[in-house]
Each structure stands twice: as structure tokens, then as C-alpha cells.
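Here are my notes for you, set out as numbered points. Have the structure open beside you as you read.

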Amino acid sequence: MINLIILFLTYLLALFIIKQKKIFKSDSNQSHINCPTCKKKVKRIERTIQDKILTLLTFYMFNWKRYDCFSCKWEGIRW
């Protein structure tokens with residue numbers, strides 16, 4: 001039982017560190033987001049069920065958004 005509590009607290013600490021270090025964060029100050037592969041402009045697309053599950057698993061700490069690059073066909077999520 002104590003191992004589960006330690007694991008849960010470690011998970012929460014990891015989420016907190018990711019949020020503080022802004023890992024996977026899109027630059028919200030820009031009017032558009034650039035592709036990490038080809039550095040061209042990407043567009044928002046509809047989230048998948050996996051993205052919604054990811055939001056639940058991160059306790060709504062992150063507002064995940066899905067993006068698509070039409071130049072290099074990159075697709076991914078940022079918050």
C-alpha cells in the first residue's frame with residue numbers, strides 16, 4: 001500500500017515538474033504554432049479519444065491540443 005502512495009506522489013511530482021519546465025508546451029504568445037520538424041506553420045485539428053484520456057490521466061493540469069503540419073505530415077499534441 002505504501003508503494004502505491006509513493007508511486008502516486010512521484011507521478012504527481014513528475015507532472016508538476018513537466019508543467020513548471022513547460023515541456024511539450026506550445027508558445028501561446030504566438031498567433032501560430034510552428035512544426036517541430038520542418039518549422040512551418042501548423043493547424044489545429046480535432047482531438048482524439050487518446051488525447052482526452054491523456055487529459056484525464058494528467059488530472060486536467062494540461063490543456064492538450066492536437067496539431068497537424070500539412071508540409072511534412074507531422075501530427076502531435078501540445079498544451
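1. Let me begin with the surface. About 6200 Å² of the protein is exposed, and 62% of that area comes from carbon and sulfur atoms. Please keep in mind that this is a predicted model. Of its 79 residues, 24% count as buried.

2. Next, the overall dimensions. The radius of gyration is 15 Å, whereas a compact globule of 79 residues would have one near 12 Å. Along the principal axes, the C-alpha atoms fill a box of roughly 50 × 25 × 20 Å.

3. On secondary structure, there are two helices and three strands. Read from the N terminus, the order of these elements is α-β-α-β-β. As for how the chain meets itself, take the contacts between residues at least 6 apart in sequence: 51% of these join residues at least 24 apart.

4. A word on charge. The protein carries 15 positive side chains and 5 negative ones. The centres of the two sets lie 6 Å apart.

5. Now the aromatic side chains, which I enjoyed looking at. How many aromatic pairs does a search of the whole structure find? The search finds three. One of them joins F8 and F59: the ring centres are 6.0 Å apart and the planes stand at 85 degrees, so this pair is edge-to-face, the class for angles over 60 degrees.

6. Where do these two rings sit in the chain? F8 belongs to helix α1 (residues 2-21), while F59 is in the loop between α2 (49-57) and β2 (65-68). The pair therefore ties together parts that are 51 residues apart in sequence. Are the two residues buried or exposed? F8 is partly exposed, with a relative accessible area of 41%, and F59 also counts as partly exposed, at 42% relative accessibility.

7. F59 has a further partner in Y11. Here the ring centres are 6.2 Å apart and the planes are at 70 degrees, so the pair of Y11 and F59 is edge-to-face. Y11 lies in helix α1 and F59 in the loop between α2 and β2, so this pair ties together parts that are 48 residues apart in sequence. Y11 counts as partly exposed, with 34% relative accessibility.

8. To put points 5 to 7 together: F8, Y11 and F59 form one aromatic cluster. Helix α1 supplies F8 and Y11, and the loop between α2 and β2 supplies F59. If you look at one spot in the model, I would suggest this cluster of F8, Y11 and F59.

Definitions and conventions:
Residues numbered from 1 in each chain as written. Predicted model: local features only at pLDDT ≥ 70, side-chain atom pairs only at ≥ 80, totals over all residues. Heavy atoms only, no water. Helix = DSSP H or I, 4+ residues; strand = E, 2+ residues; numbered from the N terminus. Rg over C-alpha atoms; globule rule 2.2 N^0.38 Å. Buried < 20%, exposed > 50% of the residue type's maximum accessible area, 1.4 Å probe, protein only. Contact = heavy atoms within 4.5 Å. Areas by Shrake-Rupley, 256 points an atom, 1.4 Å probe, with all protein chains shown as cover. Lys, Arg positive; Asp, Glu negative; His and termini not counted. Charge placed at Lys NZ, Arg CZ, Asp CG, Glu CD. Phe/Tyr/Trp six-rings, centres within 6.5 Å; stacked < 30°, edge-to-face > 60°.
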